[in-house]
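Trainee: I am new to this structure, and I would like to look closely at a single part of it. Could you begin with one residue and then lead me outward, step by step, to the surroundings in which that part sits?

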Amino acid sequence: MNRALFGKYWSGESPLHRMDSRAKLTFVVLVMVAIFCASSYAALGLCAAFLLACILIARIPLPQAVRSIGPLFFIVIITALLNVFFVQGGTVYVTAGPLQISQAGIHNAVFLGIRLTLLLIDASLLTLTTTTLDLTDGIEAVLAPLRRIGFPAHEFSMIMGIALRFVPQFVTELHTIRAAQLSRGAKLATSPLRGGISSLTSLMIPLFTSAFRHAETLSAAMDARCYHGAEGRTKLKPLAFTSVDARGAIAVACLVVAVIAMRVAGL
């Protein structure tokens, strides 16, 4: 079954898929800037509408797009809980010893939760609509000016591209290992808190073993193909900007200007 996961490519021929990877990297950063500049629920709603339009244009089913950030959603939950208990202000609803749940804490938890969710969806859209090769070429092209000061742009982009593509692989293997452990009688589901450390060990050790095996296989495959870095390397499909990138630039610019205008106007 084809499932969208963070870091996994969702095959398609939509305008977002056809965009130049350098443009997509720039747009993702600009949308993140817009999300960080959003100071109200109305501004966050505008950013959410923009991302929803991008998902529809990319022809990615909405449930799959939301599911793609599932493995990282614990970041949103932890951040929200920290804000609920440690941000104080306004009416106090619950007091339990030194902890209090106040109006400001709930407001911050909800606001930051929405903001982090939008940031994750924004980043996930990049990997869902960009192949590993295009993503690697795009990162390398964006970082190319840093070569003048000795920065290994090609090697860094290769590491980033491979790391992103390993995320869905590890998530899939984690589910497989968990199912295998449960079939052997492991009590991973019945006592997740009492047996937390032992459960984590029984999952992480096979996962790390698999990760090292994949790394060795990948290294052998790259050696077999005479990979030697960026020196003398040519590209079958050179990156090129098209009219799709221009339309994307206009849409992202309108979003950033609108969010900043709403912030200045206090909306």
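Mentor: Let us begin with the cysteine C37, which is partly exposed, with a relative accessible area of 21%. That value stands just above the limit, since a residue counts as buried under 20% relative accessible area. Please keep in mind throughout that this is a predicted model. A natural thing to ask of C37 is how far its sulfur is from the closest cysteine sulfur. The closest one belongs to C47, at 8.9 Å, which is too far for a bond, because a disulfide requires cysteine sulfur atoms within 2.5 Å. In keeping with this, the structure holds zero disulfides. Another cysteine, C226, is exposed, with a relative accessible area of 58%.

To place that residue in the whole, it helps to step back to the chain. The protein chain has 267 residues, of which 35% count as buried, and its C-alpha trace spans about 65 × 60 × 40 Å along its principal axes. There are ten helices and two strands, and, read from the N terminus, they run α-α-α-α-α-β-β-α-α-α-α-α. Among the contacts with a separation of 6 or more, 73% join residues that are 24 or more positions apart.

The helix that carries C37 is α2, residues 21-37, and it is one of the elements, together with α1 (15-18) and α3 (41-57), that cover the buried residues of α10. Helix α10 covers residues 243-265, which is 23 residues, and it reaches 33 Å from its first C-alpha to its last, close to the 33 Å expected at 1.5 Å a residue. Which residues of α10 are buried? They are V244, D245, G248, V252, L255, V256, V259 and M262, so that an aspartate and a glycine stand in this list beside valines, leucine and methionine. After α10 comes G266, whose phi is positive, near 75°.

The same helices return when we turn to the pockets. The largest pocket has a volume of about 520 Å³, and 23 residues line it, with T131, D134, D137, K237 and L239 lying nearest its centre. Its lining receives at least two residues from each of α1, α2 and α7 (132-143), and the largest share, three residues, comes from α7. Sorted by class, this lining holds seven nonpolar, seven polar and nine charged residues.

The second largest pocket has a volume of about 380 Å³. It is lined by 21 residues, and those closest to its centre are L16, M19, F27, F50 and C54. Two or more residues of this lining come from each of α1, α2, α3, α6 (103-128) and α10. By class, the lining of the second largest pocket has 16 nonpolar, two polar and three charged residues, whereas nine charged residues belong to the lining of the largest pocket.

Finally, consider the part of the chain that comes before α1, where both Y9 and E13 are found. Is Y9 buried, partly exposed or exposed? At 28% relative accessibility, Y9 counts as partly exposed. Leaving out residues up to four places away in sequence, Y9 touches H17, T127, L128, T129, T130, T131 and R165, and T131 is also one of the residues nearest the centre of the largest pocket. The C-alpha atoms of Y9 and R178 are separated by 24 Å, although these residues are 169 apart along the chain.

E13, for its part, is exposed, with a relative accessible area of 64%. Its C-alpha is separated by 12 Å from that of T131, which is 118 residues away along the chain. Apart from neighbours within four places in sequence, E13 is in contact with R18 and R59.

R59 sits in the loop between α3 and α4 (62-67), and it is exposed, with a relative accessible area of 59%. Its backbone deserves attention too, for R59 has a positive phi of about 60° although it is not a glycine. Most residues other than glycine have a negative phi.

Methods: Residues numbered from 1 in each chain as written. Predicted model: local features only at pLDDT ≥ 70, side-chain atom pairs only at ≥ 80, totals over all residues. Heavy atoms only, no water. Helix = DSSP H or I, 4+ residues; strand = E, 2+ residues; numbered from the N terminus. Expected span 1.5 Å × (residues − 1). Buried < 20%, exposed > 50% of the residue type's maximum accessible area, 1.4 Å probe, protein only. Contact = heavy atoms within 4.5 Å. 1 Å grid on protein atoms, 1.4 Å probe; cavity = no way out; pocket = protein on both sides within 12 Å on 5 of 7 lines; lining within 4 Å. Points joined across faces, edges and corners; volume = space filled by probe spheres on them. Nonpolar A, V, L, I, M, F, W, Y, C, P; charged D, E, K, R; others polar.
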